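Hello,

Here is the structure we talked about. Please open it alongside this note.

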Amino acid sequence: MSLEDDTRDRLADSLYDALQTGEPIDRLSDAHDLTIEDAYAVQSAFVDRRIADGATVEGHKIGLTSDGIQEQLGVSEPDFGRLLDTMYVDGRSIPAADLIAPRVEPEIGFVLADDLEPPVTAFDVLSATEFVLPVLEIIDSRIRDWDIGIEDTIADNASSALYLTGETRCDPDGLDLSLEGVKLYRNGDLAASGVGAAVLENPANAVAWLANTLEEVGGSLEAGHLVLSGSLTPAVDVESGDSITVEFTSIGSLVGHVG
């Protein structure tokens, strides 16, 4: 049986309230036997509340792209959330006061020149991509202490919060994104490093997965959309006062400050 509408709305309201107040809530899956389909329904209702506040959807983010995190949560495929214009950090100051338990992840962002119509392959993704760019995603959990299962993070818009983009714009033609390396520094110290192959063997594979999965729920990837393809490293905890630097091998770098 699918989730009752009033239950879906109540769960979406609890996530929205946690976002607004900064007060985390208990795991949704502890009190409700949620399916993946249920969780995406809650996510949509949660995002709808933010759209009602004036936000617009600018693209998507993909999560759970590494073998390690999939094993940790007992799943065999990624998840996704929506990127809203209100999540974009204009400048380099990350507002810590608006977050509960922030973590950062370095990602390769894809900006599409063309719509992607399933069935989609990694080759199709690269052909449709206008440029790739460096991204620092700030993830956060409205669920207390990051005590989440797969259904909890999906409902919570894939634990998304904010994102910053670098200034460089790179044509993916001729780039092997599976070999693209990244180093993430926190306050000048190397906190994490990784390579594109950590993201479903190639970040373009993740974007193809998203395009094909969205079709199943009536969505699509459109020209102009930004897609965050998944973190190349484990997430790194941050707090107010931290300085974060992300250095990719060939697509550029960016700096953010947690204010």
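Below are the findings, grouped by type of contact.

Two points on how to read them. This is a predicted model, so local features need pLDDT of at least 70, side-chain atom pairs count only at pLDDT 80 or more, and totals for chains, interfaces and linings use all residues. Residues are numbered from 1 along each chain as its sequence is written, and side-chain values use heavy atoms, with hydrogens and water left out.

**Salt bridges**

Side chains of opposite charge can pair when their charged atoms come close. The count here is 12 salt bridges (a side-chain nitrogen of Lys or Arg within 4 Å of a carboxyl oxygen of Asp or Glu). Helices and strands below are DSSP runs, numbered from the N terminus (helices: H or I, at least four residues; strands: E, at least two). Burial is graded by relative accessible area: buried is under 20%, exposed is over 50%, and partly exposed is in between (1.4 Å probe, protein chains only). The areas themselves come from the Shrake-Rupley method.

Start with D5 and R8. Their closest N and O atoms are 3.5 Å apart. Both sit in helix α1 (residues 5-21), 3 residues apart, which puts about one helical turn between them. D5 is partly exposed at 49%. R8 is partly exposed too, at 24%.

Next, R49 bridges to D9, with 3.6 Å between the closest N and O atoms. R49 is in helix α3 and D9 in helix α1, so this pair ties together parts that are 40 residues apart in sequence. D9 has 27% relative accessibility and counts as partly exposed.

The third bridge joins R186 and D242, at 2.8 Å from N to O. R186 belongs to strand β7 (residues 181-186), while D242 is in the loop between β10 (236-237) and β11 (243-248). That is a link between distant parts of the chain, 56 residues apart. R186 is partly exposed at 25%, whereas D242 is buried at 5%.

Shared partners also build a network. D5, R8, D9, D13 and R49 are joined into one by their salt bridges.

**Aromatic pairs**

A pair of aromatic rings is described by the distance of the centres and the angle of the planes. There are 3 aromatic pairs (rings of Phe, Tyr and Trp, the last by its six-membered ring, with centres within 6.5 Å; planes under 30 degrees apart are stacked, over 60 edge-to-face, the rest tilted).

Y40 and F80 are stacked, at 4.5 Å centre to centre and 20° between the planes. Y40 lies in helix α3 (residues 36-52) and F80 in strand β2 (residues 79-84), so the pair ties together parts 40 residues apart in sequence. Y40 and F80 are both buried.

Y88 and Y163 make a tilted pair, because their planes stand at 55°, with ring centres 5.5 Å apart. Y88 is in the loop between β2 and β3 (93-94), and Y163 is in strand β6 (residues 160-165). They are 75 residues apart, so the pair links distant parts of the chain. Y88 is partly exposed at 36%. Y163 is buried at 5%.

Ring pairs also link Y40, F80 and W209 into a cluster.

**Surface charge**

Which residues form the negative surface patch? They are D114, D115, E117 and E222. Patch residues have over 30% relative accessible area and no salt bridge; like charges are joined within 9 Å. Asp and Glu count as negative, and the charge is placed at CG of Asp or CD of Glu. E117 is in the loop between β4 (103-112) and α5 (122-128). E117 counts as exposed, at 65% relative accessibility.

**Backbone**

A cis peptide bond joins P118 and P119, with omega about 0°. P119 is in the loop between β4 and α5.

N157 has a positive phi, near 50°, and is not a glycine. N157 sits in the loop between α6 (150-155) and β6. N157 is buried, at 0%.

L200 is another residue other than glycine with positive phi, near 50°. L200 is in the loop between β8 (189-195) and α7 (203-216). L200 is partly exposed, at 25%.

Best wishes

Note on methods
Patch = residues over 30% accessible without salt bridge, like charges linked within 9 Å, V, L, I, M, F, W, Y side chains within 5 Å. Areas by Shrake-Rupley, 256 points an atom, 1.4 Å probe, with all protein chains shown as cover.
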